Each structure stands twice: as structure tokens, then as C-alpha cells.
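Welcome! Here is a short tour of how some ring-bearing side chains sit in a protein chain. Have a look at the sequence and the structure first.

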Amino acid sequence: MSQDTVEKRTTRAKWSVKTRQNQPGAPAGPAGRATLRHSLHAEWIRVRTMRSTLYVVLGTLVAGMALAALNGSASGDEYATMTAADQIAFDPLAISTQGYILAQVTLALLGGLVVTAEYGSRTIVGTLTAVPRRSRVLAAKAAVLTAIALPTGVATTFGAFLVGRAALEGAGAPHHALADPGAWRVVLGGGLYLALAALLGLAAGTLIRSTTATVTTLFATMLIVPALAPALPGPLADGMAKYWPPSAGGRILTGYRDPGLLAPWPGLTVMAGCVVILLTAAFLTFRRRDA
């Protein structure tokens, strides 16, 4: 089924809901408007039937566990030859869940597509005609996206933890069990971080509207800027490493405490604050901008 076909069917479903609501005796909201429940149902059908949704979910899981296996095997083999200082800083939790670097991008791209796909196919006009309250439309998109991204994120970090642990154990390097301190914080906190990355993509897609520009922005924000930050002048590089939202949020997936960086939960709070600010800007822009 093509993307255009899915979008057209979803739009027809929304028009059908609106028509039934305007019939005598129809269980509709005030003035026959579509309720939040109707919006959630329509968005769930649309996002669930997008082919990209399945590809992103599967790709996120595969990438997270594949990188955990590669990282765990390579780092485990190198452990015996490391210096004493490097062995002290050896972080099995971060090594096992390093795949989050790709997972954050895939889920952020899904968040962007939830909005930009409708703008690209122009079905956003039908959506806003059926549900004139734009804040309700965007709230439904955010809720449905979270319902997909959060379990996907937790499953990714959990699977990566198990695979990475097995690779480290097989190489004779230090590793963690789920009962060890910090393990569940990495698994569950990592899932929260990946859900926040998806909502960041939703905010970016709403503000930018173009799929190509959104993809470029997300890649730059999550991959290019953190990679180039160490090349900046000293104080600026330190500040970027400590407070740049994706870098700060990624601290939730580490076990080694670097005194020069934020602790795990404060780092995730920085990421969450950034997402809240961008989502607020997205809501305000979405309400005032023409379709």
C-alpha cells in the first residue's frame, strides 16, 4: 500500500467521523466537533499504517542490538591491553547501549514524518477541516508517537543491554547484570530518552514542515554537532559537551561518572526541557500558521 493511499484513506476516515457526528443523535462532542478520542483514533490508524513506521521500529531494534554486539566484542577484546586509567573509566553500560546514537535519529525521523508526510501529500488540509482545533490535532500526534516510541525505545535499550553484556562476558571484560546498580536506570531511562528524541523530531517537523529540511536539521542536531563539538575552542567545547541537549540526555545511558559532565538524571532533564520548549513553540506556530 502506497503512502499516498494510506493518507487518502485516513483523510476519508476523518471526514466520515465528521459526517456521522453531524447526524441527529450522533455521540459527538460540543457543536458536533471531533473529540480528542476521535483524533487519537484517526492518528493511530494513520501512523500505524505508514510503511515507514514499521521500518523505523524494526531498524531501531536491529541497529541497537547490532551495535551492542559489535561494540561489546571490540571493547571487550581491547580491555586486557588498556592502561590502568582506561580500565577505571571502562563503562560496560555505555558500551552495551551505544546503539542509541543511531536509534535516536531513527525515532526522531519518525517523529518528523508524522507531521511532514501530511504536509507533503497535502492531506493536512483535510485533517484540519475535520478537526479545526489544531492543538488537539498536534496533541493526538504527540500521544500516538509516544505510544510507539517509548516501548520501542525501552525494547531497544533492553535488547542492547543483554546483547552487549553477552559480548563483554564472552570477551572476558567487565560487564553488568540487570540486578547491578544503574542497569535498570540505563534501560528505562534510555527508553525515555529515545521517546524524547521522537518528540523532538515531531517538534522540528511541525516548525519546518519540509521532510528534507527536517531530516537535515535532525542529523545536524544529533550527530554532526556532537561530533564537531570537541574541535571548538576549550570553554565552548566543554559547554557543548555538557549542555547540548542530545549530549546531556545521553548521559542517562552511562555508568561511569565523569565529573566534567552532568549526572544522568540532570542530563535527561536538560533534554526534556529542550523538548518541552520546542513543542511549545510548535503548538503556538501550528495554531497560527496556514495549512
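The notes below go through aromatic pairs, a charge over a ring and a surface patch. Please keep in mind that this is a predicted model.

**Aromatic pairs**

- The count of aromatic pairs comes to three, and two of these are described here, beginning with Y79 and F90.
- The ring centres of Y79 and F90 are 4.9 Å apart and their planes meet at 65°; an angle over 60 degrees counts as edge-to-face, so this pair is edge-to-face.
- Y79 belongs to helix α3 (residues 51-79), while F90 is in the loop between α4 (84-88) and α5 (92-96).
- Eleven residues separate Y79 from F90, and their pair links distant parts of the chain.
- Y79 and F90 are each buried.
- Y100 and Y193 form another pair: with ring centres 5.6 Å apart and planes at 80°, Y100 and Y193 are also placed edge-to-face.
- Because Y100 lies in helix α6 (residues 100-121) and Y193 in helix α9 (residues 183-208), this pair ties together parts that are 93 residues apart in sequence.
- Like the partners in the Y79 and F90 pair, Y100 and Y193 are both buried.

**A charge over a ring**

- R134 has its charged end over the ring of F286, at 6.0 Å from the ring centre.

**A nonpolar patch on the surface**

- L54, Y55 and L58 together make a nonpolar surface patch of about 340 Å².
- One of these residues, L54, is found in helix α3, the helix that also holds Y79.

Terms used
Residues are numbered from 1 along each chain as its sequence is written. This is a predicted model: local features need pLDDT of at least 70, side-chain atom pairs count only at pLDDT 80 or more; totals for chains, interfaces and linings use all residues. Side-chain values use heavy atoms; hydrogens and water are left out. Rings of Phe, Tyr and Trp (its six-membered ring) pair if their centres lie within 6.5 Å; planes under 30 degrees apart count as stacked, over 60 as edge-to-face and the rest as tilted. Helices (H or I, at least four residues) and strands (E, at least two) are DSSP runs, numbered from the N terminus. Buried means under 20% relative accessible area, exposed over 50%, partly exposed in between (1.4 Å probe, protein chains only). A charge sits over a ring if NZ of Lys or CZ of Arg is within 6 Å of the ring centre and within 35 degrees of the ring normal. Patches are made of residues with over 30% relative accessible area and no salt bridge: like charges are joined within 9 Å, nonpolar side chains (Val, Leu, Ile, Met, Phe, Trp, Tyr) within 5 Å. Accessible areas come from the Shrake-Rupley method with a 1.4 Å probe; for residues, only the protein chains shown count as cover. A salt bridge is a side-chain nitrogen of Lys or Arg within 4 Å of a carboxyl oxygen of Asp or Glu.
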